[in-house]
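Hi,

Here is the structure I promised to pass along. Have a look at it first, and then read on for what turned up.

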Amino acid sequence: MNDQAQFLWGAATAPHQIEGNNVNSDWWAREGSMPGMERSGDAIDSYHRFDQDMRLLADAGLNAYRFGIEWARIEPVPGRFSLAELAHYRRMIDTALGLGLTPVVTLHHFTAPQWFAEEGGWLGENAVEHFARYVERATEILDGVPWVVTMNEPNMLAMMVTMERAMRSAPADAWQSPTVDNDPRPTLPPPAPEIGEILVEAHEAARKIVRARTGAKVGWSVANRAFVARPGGEEKLRELVHIWEDLYLEASRGDDFVGVQSYSSQWVGEDGIEPHPPHPDNTLVGTAYRPDALGLAVRHTWDVTGGVPILVTENGIATADDERRIAYTGEALRHLFQAADDGIDVRGYLHWSALDNYEWGHWEPTFGLIAVDRETFERHPKPSLAWLGDVARRGRP
Ligand code: FCB
């Protein structure tokens, strides 16, 4: 059995990105309608191959696996719950426990049922009630799960809802702002705080249910942008950090833990977030190579939450070069352990991602410790998996 006090060393995934054929979800519908977006399709068929995936992690020496359960499968039609799908996720939990992997279960990772989206999504009148009803059913299968993440990156989710709202009510480019020369990618719009408040309400409702019905520690996971001010940008940073992160971190104060998710860092000047210019060292998603971001993220989270225990629920790099993944992760871990040595209560490190997967519209950015042949679904562990397993056995980077 798992020793709950042990440091968690593991990897993370999200259902829509790995399972395949998540046909009742809002993302499945969206994939078909947005130009330039690749489809998830069979994804990497982890729905049928989760046993093999978990075994690879356990055999490498990891002791934890973060995965999600998919609302659209469990409640494909409003109020009608699939017992077979609940049993599927229970089998996943049992498989993890049987392999000595502590399950960290996410209840919502960006996706919702399409019917929920049609009722207005998170802006719909009964959004929080709908989510709470699903969480209530989901808790029936969580026996023995020590960690539950109610919602993944509510701040990024709020940003996506903000963007959709703008696209519905204004010209398609209403939310776009100018970015660097020759870079067609628009700067992301700031998440509207009133949408964030709805998600805080949903989180609090879920937390109450999870606490009443399970023995799990409960929290949510916040995307941390590791903002750093340029001289003169200090005031702008204070304003932006509240909108992007602190609203969500403040809501973690009553939680059992907070999930830190960190990839890169961003400069803030007088005029706002500085678009990151193209550079040969950039990752495959165009962000700066900044393994030090994890230390910044953990320290900021600790300060704002006032000392809520931290679980790193995501950290990693989109790269086709696995040596670079190892270098990035090794350095990120050194920053994490420096923070822990300074007295920050860090409970674990879950790498994003266990496997190369569907990166929300794109297949090219590969974050995985394991490569997957998308025609045969064969798994090919990369050297970084064995490397992380060795770090886990040593217990330190
Ligand atoms: C995070 C998401 C995760 C994945 C990584 C790269 O924002 O939670 O699903 O897309 O980024």
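To start with a small puzzle: which residue in S3 is the bridge partner of Tyr65? Tyr65 pairs with Pro103 there. Please keep in mind throughout that this is a predicted model.

That pair belongs to a set of five bridges between S2 and strand S3 (residues 102–106), two strands that run parallel. On the S1 side, three bridges link S1 to S2, again in parallel, and Ala12 sits opposite Arg66 of S2.

Strand S2 (residues 64–68) deserves a closer look, since five of its five residues are buried. Ala64, Arg66 and Gly68 point one way from the strand, while Tyr65 and Phe67 point the other way. In general, side chains in a regular strand alternate between the two faces of the sheet.

Now for the wider picture. These strands are part of a closed barrel of eight, in the order S1-S2-S3-S4-S5-S7-S10-S11, with parallel pairing. From one strand to the next, the twist averages 25 degrees. Further round, S7 (residues 258–262) and S10 (residues 310–315) are parallel and joined by five bridges, with Leu311 of S10 as the bridge partner of Gly259. Helix H12 (residues 322–341) lies across S1 (8–12), S7, S10 and S11 (346–352), and runs at about 165 degrees to S11.

In total, the chain has 13 helices and 13 strands. Its radius of gyration is 20 Å, close to the 21 Å that the globule rule gives for 397 residues, so the chain is as compact as a globular protein of that length. The C-alpha atoms fill a box of roughly 55 × 50 × 45 Å along the principal axes. Of contacts between residues at least 6 apart in sequence, 79% join residues at least 24 apart.

As for the interior, 58% of the 397 residues are buried. The largest nonpolar core has 107 residues, of which Leu107, Trp122 and Val298 touch the most other members. A second, separate core has eight residues, including Leu8, Ala64, Leu311 and Leu350. Leaving aside residues up to four places away in sequence, Trp122 touches several others, among them Trp71, His108, Phe116, Phe131 and Met151.

On the outside, the chain exposes about 15900 Å², and carbon and sulfur atoms supply 50% of that area.

Happy to talk any of this over whenever suits you.

Best wishes

Key:
Residues are numbered from 1 along each chain as its sequence is written. This is a predicted model: local features need pLDDT of at least 70, side-chain atom pairs count only at pLDDT 80 or more; totals for chains, interfaces and linings use all residues. Side-chain values use heavy atoms; hydrogens and water are left out. Two strands pair if DSSP finds at least two bridges between them. Helices (H or I, at least four residues) and strands (E, at least two) are DSSP runs, numbered from the N terminus. Axes are lines fitted to C-alpha atoms, for helices over the stretch in contact, and angles run from 0 to 180 degrees between N-to-C directions. Contact means heavy atoms within 4.5 Å. The radius of gyration is taken over C-alpha atoms; the globule rule is 2.2 Å times the number of residues to the power 0.38. Buried means under 20% relative accessible area, exposed over 50%, partly exposed in between (1.4 Å probe, protein chains only). Accessible areas come from the Shrake-Rupley method with a 1.4 Å probe; for residues, only the protein chains shown count as cover. A nonpolar core is a set of buried Ala, Val, Leu, Ile, Met, Phe, Trp, Tyr and Cys residues joined through side-chain atoms within 4.5 Å.
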